[in-house]
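The questions below ask how certain labels are earned, and each answer sets a value against its cut-off.

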Amino acid sequence: RWVGERRCLRWPQAGGAIEKRAEQWRSLQFVEESEEVTMALGTAWKQMSWLYYQYLLVTALYMLEPWERTIFNSLLISIVGMAVYTGYVFMPQHIMAILHYFEIVQ
């Protein structure tokens, strides 16, 4: 029967403690390791989907057709990739030139 918002169970005297413990055991949510990984991946997927949706909204790409969006994203990834590569190749030279200029390194 219901009392307020909680459900009250009446346990028989004989074996009641065992049944109560079994019910508590069943009510606990034991998640296996594989399920934890699946849940973590699902959460990560939802987060990435939300970030991609925000990217579409901020850049107004949601208004483009899929093929236009693909071209734009390809160009953006190419430009960012070239900028990262150029920075990786030439930054050490510029940093060394600056350090030599200020006579930090001889």
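**Elements, confidence and labels**

From the N terminus on, the elements of the protein chain follow the order β-β-α-α-α, which corresponds to 3 helices and 2 strands. The model is a predicted one.

Q: What makes one part of this predicted model more confidently placed than another, and which elements mark the lowest and the highest mean pLDDT?
A: Because pLDDT is the predictor's confidence in each residue, from 0 to 100, the elements can be set against one another by their means: strand β1 (residues 2-3) has the lowest mean pLDDT, at 48, and helix α3 (residues 66-101) has the highest, at 95. Over residues 1-5 the pLDDT is below 50, and this stretch has 6 contacts in the model beyond near neighbours in sequence. For the protein chain as a whole the mean pLDDT is 80, with 68% of the residues reaching 70 or more.

Q: Why is L56 called buried?
A: The label requires a relative accessible area under 20%, and L56, at 9% relative accessibility, therefore counts as buried. L56 lies in helix α2 and, when residues up to four places away in sequence are not counted, it touches L61, Y62 and R69. The C-alpha atoms of L56 and R69 are separated by 9.4 Å, the two residues being 13 residues apart along the chain.

Q: Why does N73 count as buried?
A: Buried means under 20% relative accessible area, and because N73 has 17% relative accessibility, N73 counts as buried. N73 is found in helix α3, where its contacts, not counting residues up to four places away in sequence, are with Y52, Y55 and L61. Across the 106 residues of the protein chain, 5% count as buried.

Q: How do you know that R69, which is buried, has no salt bridge?
A: A salt bridge needs a side-chain nitrogen of Lys or Arg within 4 Å of a carboxyl oxygen of Asp or Glu, whereas the nearest side chain of opposite charge to R69, that of E68, is 7.8 Å away. R69 is thus buried yet has no salt bridge. R69 lies in helix α3 and, leaving aside its neighbours within four places in sequence, is in contact with Y52, L56, L61, Y62 and L64.

Q: What makes I71 partly exposed, and which surface patch includes I71?
A: Partly exposed is the class between the buried limit of 20% and the exposed limit of 50%, so I71, at 46% relative accessibility, counts as partly exposed. I71, which is found in helix α3, helps to make a nonpolar surface patch of about 570 Å² together with W67, L75, I79 and M82. The accessible surface of the protein chain comes to about 10300 Å², and 65% of that area belongs to carbon and sulfur atoms.

Q: What makes the phi of A60 worth a remark, and why does A60 count as partly exposed?
A: Most residues other than glycine have a negative phi. The phi of A60 is near 65°, a positive value in a residue other than glycine, and A60 has its place in the loop between α2 (33-59) and α3. Because a relative accessibility of 27% falls between the limits of 20% and 50%, A60 counts as partly exposed.

Q: What is the phi of E103, and why does E103 count as exposed?
A: The phi of E103 is near 55°, again a positive value in a residue other than glycine, and the place of E103 is in the segment after α3. Exposed means over 50% relative accessible area, and at 61% relative accessibility E103 therefore counts as exposed.

Q: Why is Q106 called exposed, and where does Q106 lie?
A: With a relative accessible area of 78%, set against a limit of over 50%, Q106 is therefore exposed. Q106 lies in the segment after α3. Measuring from C-alpha to C-alpha, Q106 and M96 are 10.0 Å apart in space and 10 residues apart in sequence.

Terms used
Residues numbered from 1 in each chain as written. Heavy atoms only, no water. Helix = DSSP H or I, 4+ residues; strand = E, 2+ residues; numbered from the N terminus. Contact = heavy atoms within 4.5 Å. Patch = residues over 30% accessible without salt bridge, like charges linked within 9 Å, V, L, I, M, F, W, Y side chains within 5 Å. Areas by Shrake-Rupley, 256 points an atom, 1.4 Å probe, with all protein chains shown as cover. Buried < 20%, exposed > 50% of the residue type's maximum accessible area, 1.4 Å probe, protein only. Lys, Arg positive; Asp, Glu negative; His and termini not counted.
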